[in-house]
Structure formats: structure tokens, C-alpha cells
Amino acid sequence: MCRFEINGGKHLCGEIRTQGSKNSVLPIMAATLLTDKECIIHNCPDISDVASALEILDGLGCRTQYANGTAVICAADADNCKIPRVLMKKMRSSVMFLGPMLARKKEAAICRPGGCRLGERPIDIHIDSFKKLGAEIYEDGEFINCRIDKVLSNDITLLYPSVGATENIMLLCAAGNAEVKIINSAREPEIVDLQNFLNKMGADIRGAGTDTIRICPRCKLCGCEYRVMPDRIVAATYGCAVAMCGGNVFLKEAEAEHLRVFVAVLRRLGCDVTTYDDGMRVSSDKKILCIPSLKTLPYPGFPTDIQPVLTSVLTVANGCSKINETIFDSRFGFTDELMRMGADIQKDGCSVLIKGVGSLNGAEVAAADLRGGAALVSAGLAAEGRTIVKGVEYLDRGYENIEAVLSGVGADIRRI
Ligand code: EPU
């Protein structure tokens, strides 16, 4: 098992190119099942979740290739409609294959998906919506078996604007001949990216980015060539690392439009942030101000995926901050590890009270999920002395070559 060894205390200066978005590319890869023609996906990040998605597509019978950030996928011979348990458990996004498999083969079998343990993470909204669209679903032990004759026209009102459920419905209906409206849909930029990809394949979907999405009938989709949007969470992670370590970094291709609330938060922390058409510059003198109260919210609110790295920054702020996590019910596991580095954090259900301590000390800590792992790496970069971060495989799920990226702007971090 790999670990990161970090010698903290270095300022970060230079330029980081923002990788392609993990949460965009995974449903886009699933969408390639909707055509027999070849799809070419550029800016596809070199992360283990993409490797897992390619493994799922291979197992379903697709022809796949990946090199230099481009995935080429052709589903012409994709005849399987069951994903093995071991692949389902590798990541949450495995559930995104249900919609396109059903659309393609009229039947599909999956077991409950794995992914970061952030709380219960049910898939009831996906299942209920599919039933309203005509699917018959029954559970057989751990497997969920689905059948559909044809997708029915319907208005689907989501009880919660679930990102995954919104995407799965789009994927089930994009190539169908029904008219479907998703009301109270998720509004995340990744939904817009999926809409753009599907429309480039020939679908007729409108409204992504708002709370109502309309999918119009379209029977046949074709292949296309597409460039995935930049990863807003990765850009924010590196922005937080700069805030915490001090320095000046240009986050090339970071889309400020997708990060409005985060940019406001960085400025509130005392950082200088300048946004440009092709990226944003973050500079920090390491004098971090506290944030008295902040809640995570669905887009365009403050993203839950940035909460762990922000919590890490606030451990060294001047004063007390409170963060309320409203999306996942168990997303503060990493704070126990931060406390081993000298942080002062009190957990109270879905909130944490963080008393800024000025500086952290190096320690041996273990990541137990992707963004929690990023929070520990940021803390290690800013801490005095040597930090060992175990559980690097969690970071590899979503961050492309994180140690090389950080070394490139002056961090002392290596994989051992
Ligand atoms: N939920 C339900 N039932 C459902 C679906 C969701 O109760 O059927 C609940 C979840 O348990 C959670 C909340 O609704 O409490 C939000 O879940 P949502 O479906 O919106 O999230 P997701 O699709 O599972 C995606 C991202 C997450 C990100 C969330 C919220 C992907 C692959 N994952 O998850 O990203 O935190 O949206 O923005 O797109 C990450 O990248 O580290 C990550 C966890």
C-alpha cells in the first residue's frame, strides 16, 4: 500500500492545470452505451474511478481505449446487462450504468453501489423514478433486477435534487421516444456537461442547470467527440492548499463561474482571488480568517465535496468557525485525523466547531475517503514537520497524479 510522505511548511507558487471533472466524465462514459457508434472523450482524467468505469464498459462488451487523457469507447457489441458485484462496489458511479443499460437492453441487473462511506447513501430516488417511467424492479438478494418495455412519458418530481438520480433519469430517457420532465432536478454544472454530451449525440434535452429538465423524444443517438469540463472540486482543493500554505498559484482552466460561492469563501478567509476567462489566481499570506458559520448545500450553494478541505484550512484560522454538513450525514470522519495533527475540532452530529490553532504539526494519519484524504494532504502541506498520509488509493480515485501536481508548485511530497 502506498503512502504520501510530506515535509510541510513550503509555500506553493506557480501554475496548476485543472484536470477534467471526475463527476462529469463518469456519467458521460455511461452514456456511450446509448449508441453503437464510437464516442471520443477528451480531458478524461487519469484516475482510478475512470479505470473502474472502463472496466465496467469492457465487462458489458464495449471496446475501450484510454491514452493521454482521451477515452475511445464503442458499445456496438455491448450485449451484457449485468455488472459484477466487485465492480459495482468500487465506486458510487457504477449506479449510473443502470439507466443506459436499461435503455439499451430493456433489462439490467446491478447490486447496490459502493463508493466513499459518507453516510447511508440510498438509491431510492433512482429506483422510484425508474418505476414511474415504466420499469419493473425486484430485488433478488443483493441484486436489483430491472426490466422495461418502453419508457413512459411522465413528469418526475424528485423529493430531493439528487445529482445521481437526475443523471440516471437523463441517461434512461435520452434515447427514448417519451417526453419526460424532471422537476426539482439537481442543478450542478456536471448535469449541464452531461446534457451537452447527450445533445451532441443527438438527444434533445433542455433545462440542465435549472430545476426543471425536459427530455424530448429521440430514437437514435450517434457517436460524438467531446471535451469534459474542468473539475471544480479539484481546482477548489488546490485553492485551499494555497490558502493554507501561503503562496500564489494560477489554477489554469478552473471555471470561476462554477465556483462562485467558493471564491467568496476564499476571499472571506483573506485570500486574494482574481478570476480570468481561462482560470483563476489564488494568493495567500497564510493569515487565515475564520468563517463564523457556513452550510454545505446543493449547487449553487457551498459544495459538500469542498467541505473537508475547507475544514482543514479553518483549523489554522484566526478564531472559531462552524460548518454544518447538510448533504451527507457522516462526512467528518477525517477530523479525528486532523486532531492528531493538533487541530481543535468538536463534532456535534452534522456540525463541527473548529477553533483555529495557528499551526498544525506533522503526524501519521490515514485517509478513509477521497475528499477527507485531500483534507489530510492539505493539512500535511501546511503543517510543521513530516506527515505520513496512508490510504493514498482513496486520493487516486479522483486526483490525477496529485503528488506531481503539488511538487510542481513547490510542495515537498512523495509517494512511498
Ligand atoms: N440520496 C438519497 N436517495 C437517493 C439519492 C441520494 O437519499 O436515491 C441522498 C444521499 O444519500 C445524499 C444526498 O441525497 O445524502 C445527495 O446525494 P446525490 O444523489 O445528490 O449525490 P451522488 O449522486 O451520490 C454526487 C457526487 C458526489 C457529491 C454529490 C453531491 C458523483 C459521482 N458523486 O453524488 O461526489 O458529493 O453528488 O454534490 O457525481 C465526490 O466526488 O467525492 C463525491 C462524493
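Here are three short exercises, with worked solutions, on the ligand site of this structure.

The model is predicted, so local features need pLDDT of at least 70 and side-chain atom pairs pLDDT 80 or more, while totals for chains, interfaces and linings use all residues. Residues are numbered from 1 along each chain as its sequence is written, and side-chain values use heavy atoms, without hydrogens or water.

**Exercise 1.** Find out which residues come nearest to the ligand.

*Solution.* Start with the shell: a residue belongs if one of its heavy atoms lies within 4 Å of the ligand. There are 22 such residues, and Asp124, Ile125, Ser162, Asp305 and Ile327 come nearest. Next, sort the shell by class: nine residues are nonpolar, six polar and seven charged. Here Asp, Glu, Lys and Arg count as charged, Ala, Val, Leu, Ile, Met, Phe, Trp, Tyr, Cys and Pro as nonpolar, and the others, Gly among them, as polar.

**Exercise 2.** Look for polar contacts (pairs of N or O atoms within 3.5 Å) between side chains and ligand oxygen atoms.

*Solution.* Try lysine 22: a polar atom of its side chain is 3.0 Å from a ligand oxygen. Arginine 92 also places a polar side-chain atom 3.0 Å from an oxygen of the ligand. Finally, for arginine 331, the distance from a side-chain N or O atom to a ligand oxygen is 3.5 Å.

**Exercise 3.** Explain why the ligand shell lies between two domains.

*Solution.* Take the domain bounds, which come from an automatic or database assignment: domain 1 is 3–19 + 230–415 and domain 2 is 22–227. Both give residues to the shell, so the ligand lies between them.

Notes. Polar contact = N/O pair within 3.5 Å; in protein donor to acceptor, adjacent residues only side chain to side chain.
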